Amino acid sequence: MLVAFSTLAILGCLSYSEAAFGASTVTSGTVAGVVCDTAGTPQVGIAVELLRGDSSLAARVFTDGKGNYSIASILPGQYALKAMGGSFIPTLKQNLRIRANTIVNLTMESLYDLMQFAPQMRRARPRGDEDWAWTLRTAESRPLLRWQEDGSPILVWDGSAETRRGAASKRRVRVITTAGDKRFGSGSQQISMAMQEDTSARRRIALSAEAAPDAAGLMDAMLGFRQEMANSGMGSSSVQTLAAVMVDPEAGSGSQQGLEAVALRSWESLQLLDSLEAEAGSDQVMARVGDGFQSGSAVFAALPFASVTLHHGQGALEYRVATARTADPEGGESLPGQWLPVLSERNGALVLEHGLHQELGWSTSAGPAEVQLVFYGDTLENPMIEGFGHLNASADAGQWMLVDGASGLLRTAGPNYSTTGMLASVESRLPGHNRVKLSYASGDALVMQATTKPEDVATIVQGAHSRRAQMYSIALSGTAEGTGTRWRASYRWQPESTVTQVAPFAVDASEPYLNVYIRQPIWVNRQGPGGVEAQVDLRNLLAEGYQPFLTSDGSRLYFAQAQRCVRGGLAFTF
């Protein structure tokens, strides 16, 4: 009996010692930090949740008057931190390994903050501030917006969580109805629909279509696809394809009516190591006017483009080459027609604006400011000149003008020219969510001197010639605190005799003369992506830069860098 009791006592002591030893080796951790908005202001009363690996709640605390939070007595393991509160999008920081005294600072963003993405170097592809403009671009350095199962959005900062197998794809739809002045290839009334769908964490599809109820048969459409490739030892890449089509039965030249254009853009973006990026692709273009493909009525072209960017610290050096340009929206919606080739007419034939653009650019960030300096060389063939007027019956008018009956606008091809020049810009953050950008450029542009002497159309068009000119611009943009109003105002000046832009291949340049764009939320669904917005888009508001001409048959023509356009409407997001 004594032996048995002694044995049990020894085993009990050993068990107690092992438990005590194990308990002494398991040390609890602490996670603490500050929660701020994108301007660096600490946020009070934000709920911070600590989530276990199975997404269950481990702890919840609230930030104090200085935006600080602290969670103690955390067992070692892998966790996630989620911050929620106010008018901000919930933020999720994943794959956190909590140890003793772990510091994790969190930044809360609104949906507008998410759209204000400015890369270190301007890209060759169009970049706008709209939610539908970024769907087809690489987003390696920004948080990923996802929708949770309950329909609410969340920002995932490290992008590590893949969409669960079998989970439903995420979809957003935006419908826009506008009315106002007409643009080339559009009517006075327009209805646009855009859809974005994330079929997985690495795959995205975007679709948009635009129709004009007051112009029968007029239609623009765009379909885009983006696939992110898996990371490799040499870096990461994404492949993107975009197709755009335009049908305008009221556009044509002379007896040939009905303009159709199709563009297929494919490109690959490569992230090589940490400091080197590359992009290469091509536009395949087909356009025709009339019913057939006879000589002079159709255009076929392959237009390649590429860029290489080397980052070093806060600076970047980029070389870019392009053979065509597309319209780049300054502040308005990204529409299918802005991806289509620039077409016009010359000697009775449909022609495509193209050429060779090369640039070497340098940019750097210094505190709140971003500075960019670009030296470029351009050779332009068939540069498009746009105007408006009503052509009377004339034997040669149809040989020089591509006329859009829906909008009343005219397009003609000016003389080919070559130029070299430079572009410099400084962009800086202002208090709140506001920005200011100053730009200067020099280079050649086409000029047409206004005259009241009657001349035939051919003489007027052939009188255009290239001349050295300068461009100055200022652009202000931001959001109004409290109301959520998003706005952009810009003014770009060139000599009034110029009818094309200086530095036409410049990315993210302001539109000519005075422009104002406003988006005012009317109703916002706080539980999901739904909402209604009022939009106002004013281009060349003061109608500047028009060069008037009187033709020999009594017609009056007006050519300008940009046509005056006043439009407004509503946007519905589902």
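Which residues does S344 touch, not counting residues up to four places away in sequence? The first legend gives the answer. The model shown in every view is predicted.

**Figure 1. Surroundings of S344 in strand β20.** S344 is found in strand β20, which covers residues 343-346. Leaving out residues up to four places away in sequence, S344 touches A349, L350, V351, N382, M384, L402, R411, T412 and A413. The relative accessible area of S344 is 1%, so this serine is buried.

**Figure 2. The largest nonpolar core and the contacts of L259.** The largest nonpolar core holds 41 residues, and those with the most contacts inside it are L259, L343, L350, I385, M401, M448 and F559. Two or more residues of this core come from each of the elements β15 (235-253), β16 (256-272), β17 (276-289), β18 (298-312), β21 (349-352), β26 (409-413), α3 (457-462) and β34. With neighbours within four places in sequence left aside, L259 is in contact with F184, M246, V247, D248, A251, R288, V289, L343, L350 and L402. Another core, of 18 residues, lies apart from the largest one; V31, I74, F88 and I98 are among its members.

**Figure 3. The aromatic pair Y491 and Y513.** There are 6 aromatic pairs in the structure. One of them joins Y491 and Y513 in an edge-to-face arrangement, at 6.5 Å centre to centre and with 70 degrees between the planes. Y491 belongs to strand β30 (residues 486-493) and Y513 to strand β31 (residues 513-524), so the pair ties together parts that are 22 residues apart in sequence. The two residues are given separate accessibility classes: Y491 is partly exposed, because its relative accessibility is 26%, whereas Y513 is buried, because its relative accessibility is 1%. The backbone of Y513 has a positive phi, near 65 degrees, in a residue other than glycine.

**Figure 4. Phenylalanine rings in β33 and β34, with an aromatic cluster.** The ring centres of F549 and F559 are 6.0 Å apart and the planes stand at 65 degrees, so this pair is edge-to-face. F549 is in strand β33 (residues 547-550) and F559 in strand β34 (residues 556-560), 10 residues apart, and the pair links distant parts of the chain. F549 and F559 are both buried. F559 also appears among the residues with the most contacts inside the largest nonpolar core. One aromatic cluster is made up of F388, Y546 and Y558.

**Figure 5. Antiparallel pairing of β19 with β18 and β22.** Strand β19 (residues 315-322) runs antiparallel to β18, and 8 bridges join the two. H312 has G315 in β19 as its bridge partner. β18 and β19 form a hairpin with 2 residues between them, and G313 in the turn has a positive phi of about 60 degrees. β19 is also joined by 8 bridges to strand β22 (residues 354-366), again in an antiparallel arrangement. Here the bridge partner of Y319 is L360 in β22.

**Figure 6. R467 in strand β29.** R467 is found in strand β29, residues 465-479. Its relative accessible area is 34%, so R467 counts as partly exposed. Leaving aside neighbours within four places in sequence, R467 is in contact with G443, D444, A445, V447, Q449, P495 and S497. Of these contacts, S497 is 30 residues from R467 in sequence and 10.0 Å away in space, C-alpha to C-alpha.

**Figure 7. An arginine over a tryptophan ring, and a loop alanine.** The charged end of R265 sits over the ring of W267, at 5.9 Å from the ring centre. A second close-up shows A543, in the loop between β32 (531-539) and β33. A543 is not a glycine, yet its phi is positive, at about 55 degrees. The relative accessibility of A543 is 35%, so this alanine is partly exposed.

**Figure 8. The whole chain, for context.** The protein chain has 3 helices and 35 strands. Of its 574 residues, 50% are buried. Among contacts between residues at least 6 apart in sequence, 63% join residues at least 24 apart. The chain exposes about 25,900 Å², and carbon and sulfur atoms supply 59% of that area.

Notes: Residues numbered from 1 in each chain as written. Predicted model: local features only at pLDDT ≥ 70, side-chain atom pairs only at ≥ 80, totals over all residues. Heavy atoms only, no water. Phe/Tyr/Trp six-rings, centres within 6.5 Å; stacked < 30°, edge-to-face > 60°. Helix = DSSP H or I, 4+ residues; strand = E, 2+ residues; numbered from the N terminus. Buried < 20%, exposed > 50% of the residue type's maximum accessible area, 1.4 Å probe, protein only. Lys NZ or Arg CZ within 6 Å of the ring centre and 35° of its normal. Core = buried A, V, L, I, M, F, W, Y, C linked by side-chain atoms within 4.5 Å. Contact = heavy atoms within 4.5 Å. Pairing = 2+ DSSP bridges. Areas by Shrake-Rupley, 256 points an atom, 1.4 Å probe, with all protein chains shown as cover.
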